[in-house]
Structure formats: structure tokens, C-alpha cells
Amino acid sequence: MTATEFHVQGIPISAIAEEFGTPLYVYDTEILRGTYEELRGLTHPAVDIYFSLKANPNISVCGFLGALGAGAEVSSAAELETARRAGIAPEDTIFLGPGKTGADLRALATAGLRAVVCESLEELAVLDELAVDSGRADLPVMLRVNPDFHTKGSGLAMGGKPRQFGIDAARLRRGRDEVKRLRRARVIGFHAYMGTRFLGHEDLIHNTREILATTTELAGELGIALQTVDFGGGFGVPYFSNESPLDPVKLTAGINDVVAGFLAEHPDCRLINELGRYLTALCGTYVTRALYVKESMGERFVVADGGTNHHMAAVGVGSFVKRNFPIRSLSRYQEEPTAQYTLTGPLCTPNDVIGKRVALPEVRRGDLIGVERSGAYGPTASPGLFLSHGFPAEVMVHQGTAHLVRRRDTVADLLDKQRLITF
């Protein structure tokens, strides 16, 4: 423990690491609350904020956001059950995803959700048939639409190009007869998602305006009375030194203006803003411990007990240029950097590099190193079974107390699911 170490709600990080071990993720509910409540306070009251569990499916993270008022957007049976156990009501939950199985659809036909989001007209027809078979009288459905317009400002844009997701707007314009043939499924609106990690508020305002215009047009073409429109999210979080955060005041003011104009035509329609990364990224820190500090051909390396097996997002997958997430010495959090270190993990691959030439204070064996802004797409987007290290512990600090919200995998966890046959 050092006098300058990192604290979470007054708790020294060394105390958390000693109690729960490393590597681990630490989530700070004060930051989580602040992020949600700021956005909720600025957002038009007709817009519901939904948490996209794919960003962080930990049940306590979901439960905390649900207690604050967030709904849930889920994409698997396990995520649906997570939201239910976390206390989010089915009527505040939507289910989407391009590859729903027959078992998924049968369960969804009777789940009582706010809506099932169908990603093809074939899926819509199958779901309608299953709703008939289940005896469900009325099954609310939203159609995921791929709008015609192009977008910009996202590292993963979804509009204006072929995608496995959703239904092209041009195809939906010819779908009136298919919608009219539905017996139990009832189309109540549309869903559109234009991309992720937008950091320009003008891009997000533009996307919202175009999505709502497209849904108005499609509702007229298909004879649908709009009740719900999910205009996606994609609010970005800056990770790299050349990026600036969104201005939430300017962003919500622009979106609220667009929403107000839309509601003038559709006063009975509610909207959904579905967010994952934006809500949870800032609250999380990935904590690793330096096992060894070494030098190779003039470059300093810190070999830590956790790496890309737990935090693949920090590698910058999909980027042509490798850039570092914000990485800090947690043991010497207040000290100035004195050297550059490449932070690596325990895997037997040269690709297990979390940060390259990171400026840090002197690093010693046993020091704690943190990857900040790691509350989204940590374990959920990482190869935790590579080399059979398993997934790390997850800890939530709430009201000054650290709680274990996911225990780390044990050898038994990894082997008990396997079966050795006789040779």
C-alpha cells in the first residue's frame, strides 16, 4: 500500500485486491449512477433509456441500472433471464438479435416482453405462427430496419450497406401484405441502430432525425400505428488521447428537439434510446498485478497476471493502428510517469499486449496496474478460456463497501463441464 494509490469510494485499491485477488474488474456505483442520472435528467421524458446487456451482462450492474429506472435490451436467453433476475420487468424489456432459434422464438411468444424485435420478414412469419400455436392473443413486435441513409462518425457503422442485421427499408416498403397477414404478432414500431462509438453529437442528432423520418414513412406504407420506436444508441466513450467526450447537454438538446417534432405527429408513441458502453464504460477498472518487470532489447516490459484473455477490447480489435486504452499505475496513482512500459499478460502469444509503451511511474513487482474506462466489453468480449486461465473476479463498490458480484473461475469450473472418455 502506498500513500498515493488509487481509491474507490474511499477504499484503497490494495485492500480490494488483497480481499478478492487479481486480476479483477472493479465497478464504482457512484460513477454508474452519475452517468445514468445525468443522461436521464437531460433526456426528453418520452424517451425511455434501456441498458444493452451485451456491454456488461453482470447481474448486479444490470440490477443497479434497473433500480435507477433503466429498461433492458437483451439478445439471448441468458441475458433475458439475467434481466428478469435483476428485477427488470418483462414489459420493460426488448429482445433482438439476427439468429434467434426456434426455442428462442417459442419462449418469446409467451414472455410478455415490451416487444420482440424481428430482423427479417421470415422471422416475423415464424414468430406469428408460434404465437398462434401458444394461444397468445396479441404479441407486440418491432421490425429492425436498415435505413437507406448513410451515417458517419462511427467505427462500426450499420447504415447504407449490406448487413446480416435487420430488413432493408426498400424491402419493408413492399411488405404491407405480409404485415396484414399476421394473425397474432402485431407490429407496433421499428428499431434502427446505426453504429457504435459515435463521438460527434451532430452525427447522433442526424441519425435520430433520419431514423424517425424513416419510421414515419414506413408506418404509413405498412399501415402501422406507431407505439414504440427504438432509435438505437451508439453514444461513444473516448478511450484514446486524440478523442474528446460527447457533450451530453448539446447532444440531448438536439435529440430532444427532433423527438419533440416527431411527437407532434405521433403523440402516443414512446421512444427507446438503447445504450450499453456509454452507461457502464466509465465505472469500470480492470486491475492486474505486475508479476515481473524485465527489459528486452531496450524495451521495458511488465508481465501481469491478466491480459487480453480478460480485456480483448483494450487490444483495439478492428483498428488499423494500435492505440492504448487509458492505463495507470494504481499503486502510484498520484505519481508522475518516469518511463515507458509495455504491459503484457500471462498468455503464450506475442499478441497478449494490453498497452504498448505506456508512460508510467516506476513499476515494481507486485504493483497494481489498471486499465480505466473498462466497464463495457470486458469479459463479455474476451477469450476467457484461452490457456484455461478462466474469467476474472468482478467486484462492485457500493456505498463504500466492496461486494463480490462474480467469483473468478476455478480449475473445477473449467473441467467439470468436460467428459473424459475411455481409450
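Modeller: A salt bridge is a side-chain nitrogen of Lys or Arg within 4 Å of a carboxyl oxygen of Asp or Glu. What you see is a predicted model, where local features need pLDDT of at least 70, side-chain atom pairs need 80 or more, and totals for chains, interfaces and linings use all residues. Residues are numbered from 1 along each chain as its sequence is written, and side-chain values use heavy atoms, with hydrogens and water left out.

Colleague: Okay, how far apart are the closest N and O atoms of glutamate 81 and arginine 85?

Modeller: Both sit in helix α4 (residues 77-85), and being four residues apart means about one helical turn lies between them. (Helices are DSSP runs of H or I, at least four residues, and strands are runs of E, at least two, numbered from the N terminus.) Their side chains form a salt bridge, with the closest N and O atoms at 2.8 Å.

Colleague: Of that pair, which residue is exposed?

Modeller: Buried means under 20% relative accessible area, exposed over 50%, and partly exposed in between (1.4 Å probe, protein chains only). Glutamate 81, at 27%, counts as partly exposed. With 61%, the exposed one is arginine 85.

Colleague: What does lysine 54 meet in a salt bridge?

Modeller: The N to O distance is 3.1 Å, and the partner is glutamate 73. The pair links distant parts of the chain, 19 residues apart: lysine 54 is in the loop between β4 (47-52) and α3 (59-68), and its partner is in strand β5 (residues 71-74). Lysine 54 is partly exposed at 30%, while 0% makes for a buried glutamate 73.

Colleague: And lysine 100 with glutamate 123: buried or exposed?

Modeller: Those side chains meet in a salt bridge too, at 2.8 Å, N to O. Lysine 100 is in the loop between β6 (93-95) and α5 (102-108), and glutamate 123 is in helix α6 (residues 121-134), 23 residues along the chain. Both residues are buried.

Colleague: How many salt bridges does a search of the whole structure find?

Modeller: Some share partners: Asp48, Arg114 and Arg270 are joined into one network. Across the whole structure, the search finds 20.

Colleague: Switching to helices, how far apart are the end C-alpha atoms of α9?

Modeller: Helix α9 (residues 201-222) has 22 residues, and the expected span is 1.5 Å times one less than that number. That comes to 32 Å, which agrees with the distance in the model, 31 Å.

Colleague: Which residue follows α9?

Modeller: Look at the backbone just after the helix. Its phi is positive, near 70°, and the residue is glycine 223.
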